[in-house]
Every structure is written in C-alpha cells, then in structure tokens.
Amino acid sequence: MFNIGMSELLLILAIALIILGPKKLPDIAKALGKSLGEFRRASDEIKETIEADLNAPESDSDKPEKTKEEGDKERD
C-alpha cells in the first residue's frame, strides 16, 4: 500500500516510541487501528451504495402517476 520496507517501519516505530513513550504508544496504536477500521467500513458502505445505485434498474419515477380514477378502473 505505502511500499514501506521493514527498515523504514522499524525506524518509524522507534521514533514513535521515543516521542510518545512506552505507556501511551499501545493506547494510541489501538485508537489508530479502530479509526482505520471504522474508516474502511464507512468507505466500503459508500462503495456498496454507489454500486447498488449504478446497477439498479430504472425506477418507476419516470412513468406518470395514475390518478385515483384510473386506479379504480383497473381494479374493476
């Protein structure tokens, strides 16, 4: 995804450990993981909605609505 190698990842983690400290790092990582998961679920939901709208057949809204009298005539 970001094309980060193992050495770059270890460097980023070491800097984060120095800046944030060992007590806050797990909490921040947990919050970051939850946020990324929530973002991914929301984007998947939006993608599914768009695909469903694109694949849905044309609605009946283009057809003129029947009046009550026309509807009664069809029932008889």
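Going along the sequence, this protein reads α-α-α. That pattern fits the count of three helices and zero strands. Keep in mind that what you're looking at is a predicted model. Here's a quick tour, starting with the whole protein and then moving to a few spots worth finding in the viewer.

**The whole protein**
- The protein has 76 residues, and just 4% of them count as buried.
- Its accessible surface adds up to about 7,700 Å².
- Carbon and sulfur atoms account for 60% of that surface.

**Helix 1 and what follows**
- Helix 1 runs over residues 6–20, which makes 15 residues.
- From its first C-alpha to its last, helix 1 reaches 21 Å, close to the 21 Å you'd expect at 1.5 Å a residue.
- Right after helix 1 comes glycine 21, and this residue takes a positive phi of about 90 degrees.

**A nonpolar patch on the surface**
- Six side chains come together here: Ile4, Met6, Leu9, Leu10, Ile12 and Leu13 form a nonpolar surface patch.
- Together they offer about 590 Å² of accessible area.
- Two members to look for are leucine 10, which has its place in helix 1, and leucine 13, which lies in helix 1 as well.
- Is leucine 13 buried or exposed? It lands in between: leucine 13 is partly exposed, because its relative accessible area of 46% falls between the 20% and 50% cut-offs.
- Leucine 13 also gives you a handy distance to check: its C-alpha sits 9.4 Å from the C-alpha of leucine 25, with the two residues twelve apart along the chain.

**A negative patch on the surface**
- Charge gets its own spot too, with Asp44, Glu45, Glu48 and Glu51 forming a negative surface patch.
- Where does glutamate 48 lie? You'll find glutamate 48 in helix 2, which covers residues 25–55.
- Glutamate 48 counts as exposed, because its relative accessible area is 54% and the cut-off for exposed is over 50%.

**Putting the two patches side by side**
- For the nonpolar patch, use leucine 13 as your landmark, partly exposed at 46%.
- For the negative patch, use glutamate 48, exposed at 54%.

Technical notes
Residues are numbered from 1 along each chain as its sequence is written. This is a predicted model: local features need pLDDT of at least 70, side-chain atom pairs count only at pLDDT 80 or more; totals for chains, interfaces and linings use all residues. Side-chain values use heavy atoms; hydrogens and water are left out. Helices (H or I, at least four residues) and strands (E, at least two) are DSSP runs, numbered from the N terminus. The expected span of a helix is 1.5 Å times one less than its number of residues. Patches are made of residues with over 30% relative accessible area and no salt bridge: like charges are joined within 9 Å, nonpolar side chains (Val, Leu, Ile, Met, Phe, Trp, Tyr) within 5 Å. Accessible areas come from the Shrake-Rupley method with a 1.4 Å probe; for residues, only the protein chains shown count as cover. A salt bridge is a side-chain nitrogen of Lys or Arg within 4 Å of a carboxyl oxygen of Asp or Glu. Lys and Arg count as positive and Asp and Glu as negative; His and the chain ends are not counted. The place of a charge is taken as NZ of Lys, CZ of Arg, CG of Asp or CD of Glu. Buried means under 20% relative accessible area, exposed over 50%, partly exposed in between (1.4 Å probe, protein chains only).
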